[in-house]
Amino acid sequence: GDGLSLLVSTHDVNFAWRWADRAIVLSHGRILRDAPVCDVFADDALLAAAGLQKPELFAVSQLLFPALPGDAYPRSLPALQIMLQENHP
């Protein structure tokens, strides 16, 4: 079907993690990576090269759920609370 695309330019990684499906990382006018946002934030070398930090929820999720793929990580605090309750009743 017809979808809607919205292009947002930001350095706010927490905003990007919460809302973006895909990220294009630029540094000095060059595209370093164009990939799903979960792949971008899982790439430590890329983040270092671009001078970016991991989103807080992504970093916490990596610690709490190391066996899960990045695309399964929660995108909001309520979603994290639900995951914690489901995995640690």
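At 58% relative accessibility, tryptophan 19 counts as exposed, because the cut-off for that word is over 50%. This residue is found in helix 1. The C-alpha atom of tryptophan 19 is separated by 7.8 Å from that of arginine 75, although their positions lie 56 residues apart along the chain, counted as a separation in sequence. The structure is a predicted model, and the report now turns to the chain as a whole.

**The chain as a whole**

The chain has five helices and two strands. Read from the N terminus on, these elements run α-β-β-α-α-α-α. Along its principal axes, the C-alpha trace spans about 50 × 35 × 20 Å. There are 89 residues in the chain, and buried residues make up 29% of them. The accessible surface comes to about 6500 Å², and 56% of that surface belongs to carbon and sulfur atoms.

Contacts along the chain can also be sorted by separation in sequence. Among contacts between residues at least 6 apart, 26% join residues at least 24 apart. As for charge, the chain carries 6 positive and 10 negative side chains. The centres of these two sets lie 5 Å apart.

**The two strands**

Strand 1 covers residues 22–27, and strand 2 covers residues 30–36. The two pair in the antiparallel sense over six bridges. Two of the residues of strand 1 can be matched with their bridge partners: alanine 23 is paired with alanine 35, and arginine 22 is paired with proline 36.

Strand 1 has two faces. Ala23, Val25 and Ser27 make up the covered face, whereas Arg22, Ile24 and Leu26 make up the uncovered one.

The two strands form a hairpin with two residues between them. Histidine 28 is found in the loop between strand 1 and strand 2. What is the sign of phi in histidine 28? The value is positive, near 55°, in a residue other than glycine. Most residues other than glycine have a negative phi. Histidine 28 is also exposed, with a relative accessible area of 84%.

Serine 27 is found in strand 1. Is serine 27 buried or exposed? At 15% relative accessibility, serine 27 counts as buried, because buried means under 20% relative accessible area. Leaving aside neighbours within four places in sequence, serine 27 is in contact with Leu32 and Ala49.

Alanine 50 has its place in helix 3. Apart from neighbours within four places in sequence, alanine 50 is in contact with Val25 and Leu32. Leu32 is thus a contact of serine 27 and also of alanine 50.

**Distances between selected residues**

The table lists three pairs by their separation in sequence and in space.

| Pair | Apart in sequence | C-alpha to C-alpha |
|---|---|---|
| Serine 27 and glycine 51 | 24 residues | 8.7 Å |
| Alanine 50 and alanine 72 | 22 residues | 24 Å |
| Tryptophan 19 and arginine 75 | 56 residues | 7.8 Å |

**The nonpolar core**

In soluble globular proteins, nonpolar side chains tend to be buried together. The largest nonpolar core of this chain has 19 residues. Which of its members touch the most other members? They are Trp17, Val37, Val40, Phe41, Phe58, Phe65 and Tyr73. Several elements each supply at least two residues of this core: helix 1 (13–19), strand 1 (22–27), helix 2 (37–42), helix 3 (44–50), helix 4 (56–64) and helix 5 (77–87). Helix 2 gives the most, with four residues.

Phenylalanine 41 is one of the core members named above. Not counting residues up to four places away in sequence, phenylalanine 41 touches Val13, Ala16, Trp17, Leu47, Gln53, Lys54, Pro55 and Phe58. Among these, Trp17 and Phe58 are also in the list of members that touch the most others.

How values were computed
Residues numbered from 1 in each chain as written. Predicted model: local features only at pLDDT ≥ 70, side-chain atom pairs only at ≥ 80, totals over all residues. Heavy atoms only, no water. Core = buried A, V, L, I, M, F, W, Y, C linked by side-chain atoms within 4.5 Å. Buried < 20%, exposed > 50% of the residue type's maximum accessible area, 1.4 Å probe, protein only. Contact = heavy atoms within 4.5 Å. Areas by Shrake-Rupley, 256 points an atom, 1.4 Å probe, with all protein chains shown as cover. Lys, Arg positive; Asp, Glu negative; His and termini not counted. Charge placed at Lys NZ, Arg CZ, Asp CG, Glu CD. Pairing = 2+ DSSP bridges.
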